[in-house]
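Student: Please take one part of this model and go through it closely. Then show me what surrounds that part. Keep it brisk.

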Amino acid sequence: MEQLIQSLRKDFKEKGFDIVEPFRVNDYNGAAIHKLNNFGIEDSTGIIIGCTKNFWPHFEQYIKRINNVPKDPMNCFVIDTIEGVVENNQFIKPYEFEIRYDFNSPSSGKYVHIQTCGHFAGVASYDKDVMWSIHPTYGLWFVFRSCIIIKINYQGDSPNLPPTNLLTQFEKDEMKRFTQIAIDEGWINLETRLKIRDACPIGREFRYEGNMFDYFYPLKRSSKSVLESLILIENNDNNKNNFEEK
């Protein structure tokens, strides 16, 4: 199992996904309402996949490559990347597995409470009081994208749970306050959503910036216009190169 995990870490890191950690499916199933598939074995292995802002250049390259802005560009990119890595990884091929994404709905039959996966993988503490997962290094400036459940019994002890005392009571109260405001607003106010993340002092050096910030927090321009500008620049550069070659 260790060889499989190390291989996936290497492959995903090359694609900008720098959070790849295993967890016991039984640990997750013991705490979550929506269960994960154990494939009929005693204790299958789950792997949480996530990323910090390091994935953004890869997302830009994806948009330039397809030369189009799909309906759900981020989800399309995540699916393309994760399934591509898994398909080409030689160590996972002998095993039965299932991929679930953070955007799978309960009605899909593939819903996963992704924060609980991350918690039992020891990556980030899921604080039910503030309803956010807090990473000891990245704070709130990271995202869980998917989990892979593999038909192989988990080996060794459960991962150590992440620390739960990362924030002061005041910092937690601020996060709770802004989260409640966001809920009351129906999560449509981007400035409120940004205040939640900024209320956490951990990981500020990983705060989104530039095109990435504008895509996730389109306060000055739309997310679609961010991607369209990438395509326009890429096409202009290609046209210029073609002209110079002639």
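Tutor: Start with a yardstick. A residue is called buried when its relative accessible area is under 20%, exposed when it is over 50%, and partly exposed in between. Gly-84 is a good test: its relative accessible area is 22%, so it counts as partly exposed. This glycine lies in helix H4. Keep in mind that the model is predicted.

Now the part to look at closely: strand S2, residues 44-51. How many of its residues are buried? The count is 8 of the 8, so strand S2 is largely enclosed by the rest of the structure. Look at the two sides of the strand. Ser-44, Gly-46, Ile-48 and Gly-50 point one way. Thr-45, Ile-47, Ile-49 and Cys-51 point the other way. Both sets are buried.

What does S2 pair with? One partner is strand S1, residues 19-24. The two run antiparallel and are joined by 6 bridges. Find Val-20, and its bridge partner in S2 is Ile-49. Another partner is strand S6, residues 143-153. Here the pairing is again antiparallel, over 8 bridges. Take Gly-50 as an example: its bridge partner in S6 is Phe-144.

Follow S6 onward. It also pairs with strand S3, in the antiparallel sense, over 5 bridges. Ile-99 stands opposite Ile-148 in S6. Strand S3 covers residues 97-101. It is mostly covered, with 4 of its 5 residues buried.

Next, the loop between helix H2 (25-29) and S2. Phe-39 sits there. Its relative accessible area is 12%, so Phe-39 is buried. Check its backbone too. Most residues other than glycine have a negative phi. Phe-39 has a positive phi, near 55°. Asn-67 likewise has a positive phi near 55°, and it is not a glycine. Asn-67 lies in the loop between helix H3 (56-66) and H4. Its relative accessible area is 40%, so Asn-67 is partly exposed.

Back to H4 for a moment. Gly-84 and Phe-55 are 29 residues apart in sequence. In space they are 15 Å apart, C-alpha to C-alpha.

S6 and H4 also meet another feature, the largest pocket. Its volume is about 910 Å³. Which elements supply at least two residues each to its lining? They are helix H4 (73-88), helix H5 (114-120), strand S5 (132-134), S6, H7 and helix H8 (210-216). In total, 26 residues line the pocket. Nearest its centre lie Asp-102, Trp-132, Val-143, Arg-145 and Arg-197.

Finish on the surface. Met-131, Ile-183 and Trp-187 form a nonpolar patch there. Together they have about 260 Å² of accessible area. Where is Trp-187? It lies in the loop between helix H6 (169-184) and helix H7 (190-198). Apply the yardstick once more: at a relative accessible area of 36%, Trp-187 is partly exposed.

Now return to the starting point. S2 pairs with S1, and S2 also pairs with S6. In turn, S6 pairs with S3. Trace those pairings in the picture, then look again at the 8 buried residues of S2.

Notes
Residues numbered from 1 in each chain as written. Predicted model: local features only at pLDDT ≥ 70, side-chain atom pairs only at ≥ 80, totals over all residues. Heavy atoms only, no water. Patch = residues over 30% accessible without salt bridge, like charges linked within 9 Å, V, L, I, M, F, W, Y side chains within 5 Å. Areas by Shrake-Rupley, 256 points an atom, 1.4 Å probe, with all protein chains shown as cover. Salt bridge = Lys/Arg side-chain N within 4 Å of Asp/Glu carboxyl O. Buried < 20%, exposed > 50% of the residue type's maximum accessible area, 1.4 Å probe, protein only. Pairing = 2+ DSSP bridges. 1 Å grid on protein atoms, 1.4 Å probe; cavity = no way out; pocket = protein on both sides within 12 Å on 5 of 7 lines; lining within 4 Å. Points joined across faces, edges and corners; volume = space filled by probe spheres on them.
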